[in-house]
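The following note sets out points for a colleague reading this structure. Each point takes up one local feature or one group of related features.

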Amino acid sequence: MISRLSRTKSPPVRRFVRHAVVGLVALLATGGADPAGAVHRREPKRVETVESRPAGTPLMAIISLGSQRVTIYDADGWILRAPVSSGQAGRETPAGIYSVIQKEAEHYSNLYDDASMPHMQRITWSGIALHGGPLPGYPASHGCVRMPYDFAERLFDITSVGMRVVVAPDDASPTDIDYPKLFKPKPVRADRLTETQTAHWTAARAEAPATTAGAAAPGAVVPGAAAAADAVASDAAAPGAAAHGAAALGAAPGAAPPRADAPPPAKPAETLATWRSIAAAKSAEAQAAARKADAARMTAARMTVDAARVMRAAEGAKYRSETQVAAAESALKAASSPAAIQQAEETKAKAQARLADAEAQLAAAKADAQPKAEAAAQAREEARAAEAEKVAALDTAREATRMTSPVSVFISRKTQRLYVRQAFQPVLESPVTIRDVDRPIGTHVYTVLDYANGGAALRWSAVSLDRTVDRHQRGTDVRSRHGDDHQAEATSPDVGAATAALDRVDIPQDVVDRISEVISPGSALIISDEAMSSETGKGTDFVVLMSGEPQGGIKMRHHAPEAQYYDRQYDRAFDRSYGRSYGRYPSNGPSFFGGFGGGPFSRW
């Protein structure tokens, strides 16, 4: 945990008074001051858990604002459930789609009088988060989602940065879905793996525009998409695969045909294993290069110090001898008697002999220092070369780690565009065709749960945020608004709305191919009427807010600067795990990240 002594604290008197007041409020809330009050205290809903199995992956948190409850799902169903307290009127927690972008076990708010926010899991850089806190039984926070303290600690221990968080107006739950228009994994030739897959993203990542709401007009041309397509045009279509026109991968004029002895395409799971192997190998290579650079720098320093020490000793001896000769000459000039003159001459002769010896020693020291200086220069050059090797290996390892991370695909009816992010970075953008574009399509999250059919297919789930109760009607329903309906259960919705949304979207085939080559468990497709929120940015996955729902919790906050914190964590910790089972980064990284400290976004 991060020590509270590591940052500036409130004056002791103020803290003592505040804690005394908090204690008094807690005493009153439990009925200690008024036993009768305990009778009227709202009974909190219990924390539920599936004890028969540990949490799997990928994890998803779904928060129902109507029922004031959070449910945690893995690939096999729900595993944890607990009551929550979301944002109060005027500071409502916005309904929408988020992901965990930072974790901190011990966090204190600078905005709200140093309030404790234990086991904080941030979902926006402007300050919305999940954390432990008091639960009065109704929405009472300033926009965050409070959870029972012990539940928040337990959840903190099993989640990773990158976990999807869905804040739904009403009850919602994921349902398995199998539909032809969902992405399917595409095998990649093992000998072209790094060449083709990284080329998919390199140009797009370099040229991708800022991912803010309404970033591009419908139908606009995306420079990165064409450049990325050109970069992989030389990758011939896999045996048996149909060409999709000049724009499709492998169909470019002049593309080299597959070699007769080329290895067969690797299965997607094997592709992930290959990337992890590359990342591990390059990480080890970077460590070896770092050790080599350190050793070379130490050699250069030792040689330089040794040469300098010998030179300083020889130069000091010569200086002292020159001083003695000068003193002897002055004494000789001052001598008047024959005896004094003879003694001065003898002293001068001895001083001159010592000077000659010192000059010889200096000449020898210079001769000896020259090879040492050359050796030191060579060692410095070796250190620079090893440092360059380390940087190159780290870059390759980072890229390999990125390629093992799940991808998030967002399709906006408002902008009629498709966006792709991987490891919290924008990597691709493309126009799409949406049929009946003036008709609402809803907001849906499709998640890859695992491989199926030996890696030839993917197992998907879908969550739809279509409202089941009119917002104005629910606003008059005190039980639903305050979360008092203890027996409310998230229903298993029909996937009709989710499949209907898929049917209305047409994606360019070359974009489908690119995504299909990198999609893996934990990846997600989001289709929504909305544009991405301005909360989407550096160090985030897609943030999508439902415009028809209250957003006071966002509007009341000042937006923080973009995530410089994320960059630093990625550079230092890219080789940590993005997901516990998938060995991925971004997350904080890694973990793209283990426990994540403060950063510049601690002012809530």
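1. A charge counts as sitting over a ring if NZ of Lys or CZ of Arg is within 6 Å of the ring centre and within 35 degrees of the ring normal. R81 lies over the face of W78 in this sense, at 4.1 Å from the ring centre. K103 provides another case: its charged end sits over the ring of F156, 4.3 Å from the centre. Please keep in mind throughout that the model is predicted.

2. The next point concerns two helices. Helix α6 spans residues 268-334 and helix α7 spans residues 338-404; their axes come within 5 Å and cross at roughly 170°. Angles over 145 degrees count as roughly antiparallel, and α6 and α7 are therefore roughly antiparallel to each other. The crossing of α6 past α7 is left-handed. Sorted by class, the residues of this contact comprise 38 nonpolar, 11 polar and 21 charged ones.

3. Two residues of α7 may be considered individually. A369, in helix α7, has a relative accessible area of 12% and is buried. From A369 to R309 the C-alpha to C-alpha distance is 9.7 Å, with their positions 60 residues apart in sequence. A385 is likewise placed in helix α7, but A385 counts as partly exposed, at 36% relative accessibility. The cut-off that matters here is 20%, under which a residue counts as buried. The C-alpha atoms of A385 and K292 are separated by 9.5 Å, although these residues are 93 residues apart along the chain.

4. How many aromatic pairs does a search of the whole structure find? The search yields two. In one of them, the ring centres of F410 and Y419 are 6.0 Å apart and the planes lie at 20°, so this pair is stacked. The other joins F410 to F542, with 5.5 Å from centre to centre and 40° between the planes, and is tilted. The stacked label requires planes under 30 degrees apart.

5. F410 takes part in both contacts just described, and F410, Y419 and F542 form one aromatic cluster. Are the members of this cluster buried or exposed? F410 is buried, with a relative accessible area of 0%. Y419 is buried as well, at 3%, and F542 is buried at 0%.

6. Where do the partners of the tilted pair lie? F410 belongs to strand β14 (residues 407-412), whereas F542 lies in the loop between β21 (524-528) and β22 (544-545); the pair therefore ties together parts that are 132 residues apart in sequence.

7. Backbone geometry deserves separate attention. Most residues other than glycine have a negative phi, and most peptide bonds are trans. The peptide bond from T57 to P58 is cis, with omega near -10°. P58 is found in the loop between β1 (48-49) and β2 (60-64).

8. Which values of phi are positive in a residue other than glycine? Q68 has a phi near 50°, and A423 has a phi near 55°. Q68 is placed in the loop between β2 and β3 (69-74) and counts as buried at 1% relative accessibility. A423 is placed in the loop between β15 (417-422) and β16 (425-431); at 4% relative accessibility, A423 also counts as buried.

9. A final point concerns D171, located in the loop between β10 (164-168) and β11 (175-177). With a relative accessibility of 24%, D171 counts as partly exposed. D171 and V70 are 101 residues apart in sequence, and their C-alpha atoms are 9.7 Å apart in space.

Definitions and conventions. Residues numbered from 1 in each chain as written. Predicted model: local features only at pLDDT ≥ 70, side-chain atom pairs only at ≥ 80, totals over all residues. Heavy atoms only, no water. Axes fitted to C-alpha atoms, helices over the stretch in contact; angles between N-to-C directions. Helix = DSSP H or I, 4+ residues; strand = E, 2+ residues; numbered from the N terminus. Parallel < 35°, antiparallel > 145°, perpendicular 65-115°, else oblique. Left-handed = near helix turned anticlockwise from the far one by under 90°. Nonpolar A, V, L, I, M, F, W, Y, C, P; charged D, E, K, R; others polar. Phe/Tyr/Trp six-rings, centres within 6.5 Å; stacked < 30°, edge-to-face > 60°. Buried < 20%, exposed > 50% of the residue type's maximum accessible area, 1.4 Å probe, protein only.
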